[in-house]
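Please open the structure in a viewer and keep the sequence at hand. The tour goes from one selection to the next.

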Amino acid sequence: MTEEETRDWFKFQSFATGQLEHLIDRQNFIGLGIDPSFERTERLFVSRWTNKFKWTYKTWDSITDYQKMESSQEERLKLKFGKQIPTIHSIQGELEDSFYSETEKILEDLKLKCLIKFDRFGLDGTSRTIFIGDRYRESTFSWWEDLPKEWIELQPILDNLTRNLDIAREELSRKLGSR
């Protein structure tokens, strides 16, 4: 790839990642973002409704899009002129109220440092983000690989979101398998 094509790809990556967070119900929500170096980028958002929770899971198949871009000059031109459409799959589901009741209790008492000492860095690996908010406000906590010890209070929330992520992945796999 040329330098210009690399820049075009990075712009496309940014656009595709933004699409994962677009059109998500952000009313009293928590979310999990997973950004691995060489696998699918994922977003899971869970919103509270009266007596249940609704979740939305989206994943961007960057490997397919990269291979498509590499396959022909026509695809590279689509990328260059912003005509390539990201390969994004999504699915929604519902959970009973009890699934996140413990998470809500933790969120009520959460006291975290906003800025922490960050002495780990890497290019390969996985970045993670927890999103917490409502229609008017949002806090994000992002890290690379392991949850920082200063944010260990987020571990039960991360565990619960990860369980929900596993459910969402299975549902999407079933949905795509039935096509």
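The stops below cover strands, then helices.

This is a predicted model, in which local features need pLDDT of at least 70 and side-chain atom pairs count only at pLDDT 80 or more, while totals for chains, interfaces and linings use all residues. Residues are numbered from 1 along each chain as its sequence is written, and side-chain values use heavy atoms, with hydrogens and water left out.

Helices (H or I, at least four residues) and strands (E, at least two) are DSSP runs, numbered from the N terminus. Buried means under 20% relative accessible area, exposed over 50%, and partly exposed in between (1.4 Å probe, protein chains only).

Select strand E5, residues 126-133: six of its eight residues are buried. Two strands pair if DSSP finds at least two bridges between them. Add strand E1 (residues 29-36), which runs antiparallel to E5 and is joined to it by eight bridges. Here Gly 31 stands opposite Phe 131 in E5.

Next add strand E6, residues 138-144, joined to E5 by seven bridges, again antiparallel. Ile 130 faces Phe 141 in E6. With four residues between them, E5 and E6 form a hairpin.

Move to Ser 62, in helix H2 (residues 62-71). Is Ser 62 buried or exposed? Ser 62 is buried, because its relative accessible area is 12%. Leaving out residues up to four places away in sequence, Ser 62 touches Trp 9 and Glu 39; contact means heavy atoms within 4.5 Å.

Now select helix H3 (residues 73-80), whose buried residues are Glu 75, Arg 76 and Leu 79. Down the axis of H3 they fall within an arc of 100°, so they line one face of the helix; the arc is that of the directions from the helix axis to the C-beta atoms. Their cover includes helix H1 (3-20) and H2. Finish at Gly 82, just after H3, with a positive phi of about 70°.
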